[in-house]
Amino acid sequence: MVVPTVVDAHCFASQPTIRRHHDFDADRDAKKIHKACKGMGTDEKVIIELLSTRSSDQRQQMKQNYKATYGKDLEEVLKGELSGNFEKTALALLDPPCEYDARELRKAMKGVGTDESVLIEVLCTRVNQQIIAIKDAYKRIFDRDLESDVQSETSGSLRKILLSVLKANREEGPEVNANLAQKDAKDLYEVSISFVQDKSGVNELAFNHVLAQRNYMQLRATFEAYKCLTGKDIEDAIKSETSGDLEKAYLTLVKCARDCQEYFATRLYDAMKGAGTDEETLIRILVTRAEIDLQTIKEKFQKMYDKSLAAAIQSDTSGDFKKLLIALLH
């Protein structure tokens, strides 16, 4: 039985904070930013205004016009004028989204050790089209194959689920097949019974197949069927039967299927709670979600934590870095 649904669980019902600027003029913007960086001192206010009110494709046009007019790369100019997290955020905004994600993934894997949490956050939350674009950008920028790097920089169960996601084979569309949801729920339950005892890794195949390939509405139906069948929420089952990075990856996929914006609201909260702030995560989420669903993430954050995202960022950051992040929130 196929039940059509109105919205995809991922992003169709969500709102961005940045849209295309209605009165955009790439040449005028290039001149403005040149003036802001020329001579003694830098006019950070102009830089913040331009970067936070133009869409990504408009920022690309501004970059191209700057290069054509002044013979310099805008990124290199800003590197000389800005510093710290303000510089990192400004440069992130000058990258097309797929290139920024590719750079974040490369940074997470190069050198000693791998930042698995970044691999999980990026790869387990992007849709097929984004993953394909990221793989292309990774090859173009670094002349390396993203799947090969993930293969060599991760291991065991985490490697398997990340490689499954990287295939970008998720079914798309809003259709829900109730019979398939029942079957998938039964398969997940049967393999989860002996998940911990089975060291062969065979049990992961069912989880990987379902979580990496079913569309988001189908997954929601599967999670409901799982709860009816077992009396247990799928997230609780994952927490009791897996651990470490595999648990994080599975939970990210489940949370994104249920409510992607709630997942990012939680990530932002965790980046700011307690002592210290994870500025890299703040930058990554605000930059990558501003044109997709940041307005909805803001609303989720307010509802979940009884505090505005802007207020949280105000108290956890400072200077021009804070001003640029707040500007991205509008």
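Helix H4 (74-81), helix H5 (84-94), helix H6 (97-109) and helix H16 (279-289) each give at least two residues to the lining of the second largest pocket. Helices here are DSSP runs of H or I with at least four residues, numbered from the N terminus. This is a predicted model, where local features need pLDDT of at least 70 and side-chain atom pairs count only at pLDDT 80 or more, while totals for chains, interfaces and linings use all residues. Residues are numbered from 1 along each chain as its sequence is written, and side-chain values use heavy atoms, leaving out hydrogens and water.

Let's stay with that pocket. H6 provides the largest share of its lining, five residues. The lining has 19 residues, and the closest to the pocket centre are Leu91, Asp95, Tyr100, Arg103 and Glu104.

What about enclosed space? The structure holds one cavity of 30 Å³ or more. Among the residues lining the largest cavity are Leu123, Val127, Ile131, Tyr216 and Leu253. On a 1 Å grid over the protein atoms alone, a cavity is a set of points where a 1.4 Å probe fits but cannot get out, and a pocket is an open set with protein on both sides within 12 Å along at least five of seven lines; lining residues have an atom within 4 Å of a point. Here are the two spaces:

| Space | Volume | Lining by class |
|---|---|---|
| Second largest pocket | about 480 Å³ | six nonpolar, no polar, 13 charged |
| Largest cavity | about 50 Å³ | nine nonpolar, one polar, two charged |

A volume is the space filled by probe spheres set on the grid points, which are joined across faces, edges and corners. Ala, Val, Leu, Ile, Met, Phe, Trp, Tyr, Cys and Pro count as nonpolar, Asp, Glu, Lys and Arg as charged, and the others, Gly among them, as polar.

Now for a look at the core. The largest nonpolar core (buried Ala, Val, Leu, Ile, Met, Phe, Trp, Tyr and Cys residues joined through side-chain atoms within 4.5 Å) has 48 residues, and Leu78 is one of those with the most contacts inside it. Helix H15 (residues 244-272) brings the largest share of this core, eight residues.

Is Asn208, in helix H12 (residues 202-213), buried or exposed? Asn208 counts as buried because its relative accessibility is 5%, and buried means under 20% relative accessible area (1.4 Å probe, protein chains only). The side chains of Asn208 and Tyr250 are joined by a polar contact of 2.7 Å; such a contact is a pair of N or O atoms within 3.5 Å, one able to donate a hydrogen and the other to accept it.

Definitions and conventions
Buried means under 20% relative accessible area, exposed over 50%, partly exposed in between (1.4 Å probe, protein chains only).
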